[in-house]
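Reader: I have a model open and want to learn how to read it feature by feature. Where do we begin?

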Amino acid sequence: MHFARFRHGHRESYGLLEGDHLRIVQGDPLGEHRISEDSLPLSDVTLLAPVRPGKILAVAVNYPSHVASSRPLVKQGQPLAVPQLFLKPPSAVIGPEEAIILPADAGPVDLEGELVAVIGRRCRNVPSAEALDCVFGYTCGNDVSARRWQRNDMQWWRAKGSDTFCPIGPFIATGLDPRNLELATRLNDVQVQKTSTNALVHGVAELISFISQVITLEPGDLIFTGTPGETPPLKPGDVAEVEIQGIGVLRNPVVASSDVTP
């Protein structure tokens, strides 16, 4: 199933995708809800970020193909043995077709296409063998990253957490096996990243288990699982797309902060 969050007029709701329509979901898909008989054409709604996360964790250097561009985070050219996580603030979240805004003094800002796990139930100290039972579904994510700030700041709060630096969507897909999904990222219709999630150094189950030893995960929390290969820089006028098998395409235009009306 594919769940969406959308706006229709002044109303925000959740919907279940059926062809080119959304059946209205009464309640929250991650909690108590009922799928009604009412529906709306996709063409009549604006898709929003499919979830409002309480917290967002992301993994650094989690594909072997991304190691070469990630020094000095890795030693002797090898992926890190222990997952290296950082936090992105919920305020950075945007949805499909919303603009990624490049801060004026950020320097190079890269796109990072990623599989994102959406937590479906509260979990703490969960073993890897049971961790996937804690997942509600998966969505596409773009871990937008300001490289100069990432290199020079002591913390990554602005490099990874600036407003609009966390696009997610377009849907949350349930029932997927995260261990073998095709991921492709495009910049202006040119493919710039391609991989299968079977190349992840630390898989979704391992990440959930590792995180839950010290942080309680709650429904709606997000785990960005890492990006492959090289991460090209964005410039105003670009269009970034992240496509993941079984989920869909997350598309976001890119603008300069000077072009945004306060």
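Reader: Take Lys88. Is Lys88 buried or exposed?

Author: The model is predicted, so every value here is computed from it. Burial is read from relative accessible area, and the cut-off for buried is under 20%. Lys88 has 2% relative accessibility, so Lys88 counts as buried.

Reader: Where is Lys88 placed?

Author: Lys88 belongs to strand E7, which covers residues 84–88.

Reader: Which backbone oxygens lie by a polar atom of the Lys88 side chain?

Author: Look for N or O atoms within 3.5 Å. The backbone oxygen of Lys160 is 2.6 Å from a polar atom of that side chain. For the backbone oxygen of Phe165, the distance to a polar atom of the Lys88 side chain is 3.0 Å.

Reader: And which residues is Lys88 in contact with, leaving aside neighbours within four places in sequence?

Author: Ile56, Ala58, Asp143, Val144, Lys160, Phe165 and Cys166. Lys160 and Phe165 are thus in the contact list as well as in the polar distances.

Reader: Now a whole element. How many residues of helix H4 are buried?

Author: Count residue by residue, then judge the helix. H4 spans residues 204–212, and seven of its nine residues are buried, so the helix is largely enclosed by the rest of the structure. The buried ones are Val204, Ala205, Leu207, Ile208, Ser209, Ile211 and Ser212.

Reader: What do the buried residues of H4 pack against?

Author: Strands and one helix. The strands are E6 (56–60), E7, E11 (113–119), E12 (135–142) and E17 (222–224). The helix is H1 (128–131). E7 is the strand that holds Lys88.

Reader: Which residues of the largest nonpolar core touch the most other members?

Author: A core is a set of buried nonpolar residues joined through side-chain atoms. The largest one here has 26 residues, and Ile208, Leu217, Ile223 and Ile244 touch the most other members. Elements giving two or more residues to this core are E6, E11, E12, H4 and strand E18 (239–244). H4 gives the most, with five residues.

Reader: Which residues does Ile223 touch, not counting those up to four places away in sequence?

Author: Its list includes three residues of H4: Leu207, Ile208 and Ile211. The others are Leu57, Leu115, Val116, Ala117, Ile119 and Leu217. Another core lies apart from this one; it has 23 residues, among them Leu30, Val51, Ala60 and Phe86.

Reader: Phe86 brings me to rings. How many aromatic pairs are there?

Author: Read a ring pair by two values, the centre distance and the angle between planes. The count comes to two aromatic pairs. Phe3 and Phe136 have ring centres 5.6 Å apart and planes at 45°, so that pair is tilted. Phe3 sits in strand E1 (residues 2–8) and Phe136 in E12, so the pair ties together parts 133 residues apart in sequence. Both Phe3 and Phe136 are buried.

The other pair, Phe86 and Trp156, is edge-to-face, with 5.1 Å centre to centre and 65° between the planes. Phe86 is in E7 and Trp156 in the loop between helix H2 (147–152) and H3, 70 residues apart. Phe86 has a relative accessible area of 11%, so Phe86 is buried.

Reader: Next, the backbone. Which peptide bond is cis, with omega near 0°?

Author: The bond from Gly169 to Pro170. Pro170 is found in strand E14, residues 166–173.

Reader: What is the phi of Glu97, and of Thr164?

Author: Check the sign of phi, then whether the residue is glycine. Glu97 is not a glycine, yet its phi is positive, about 70°. Glu97 lies in the loop between strands E8 (93–94) and E9 (100–102), and is partly exposed at 46% relative accessible area.

Thr164 has a positive phi near 75° and is also not a glycine. Its place is the loop between helix H3 (157–161) and E14. Thr164 is buried, at 8% relative accessibility.

Reader: Last, how many disulfides are there?

Author: A disulfide is a covalent bond between the sulfur atoms of two cysteines. The cut-off is 2.5 Å between sulfurs, and the count comes to zero. For Cys123, the nearest cysteine sulfur is that of Cys134, 3.8 Å away. Cys123 is buried, with 3% relative accessible area. For Cys166, the nearest is the sulfur of Cys140, 12 Å away. Cys166 counts as buried too, at 0% relative accessibility, and Cys166 is one of the contacts of Lys88.

Key: Residues are numbered from 1 along each chain as its sequence is written. This is a predicted model: local features need pLDDT of at least 70, side-chain atom pairs count only at pLDDT 80 or more; totals for chains, interfaces and linings use all residues. Side-chain values use heavy atoms; hydrogens and water are left out. Helices (H or I, at least four residues) and strands (E, at least two) are DSSP runs, numbered from the N terminus. Buried means under 20% relative accessible area, exposed over 50%, partly exposed in between (1.4 Å probe, protein chains only). A polar contact is a pair of N or O atoms within 3.5 Å; within protein, one must be able to donate a hydrogen and the other to accept it, and residues adjacent in sequence count only if both atoms are side-chain atoms. Contact means heavy atoms within 4.5 Å. A nonpolar core is a set of buried Ala, Val, Leu, Ile, Met, Phe, Trp, Tyr and Cys residues joined through side-chain atoms within 4.5 Å. Rings of Phe, Tyr and Trp (its six-membered ring) pair if their centres lie within 6.5 Å; planes under 30 degrees apart count as stacked, over 60 as edge-to-face and the rest as tilted.
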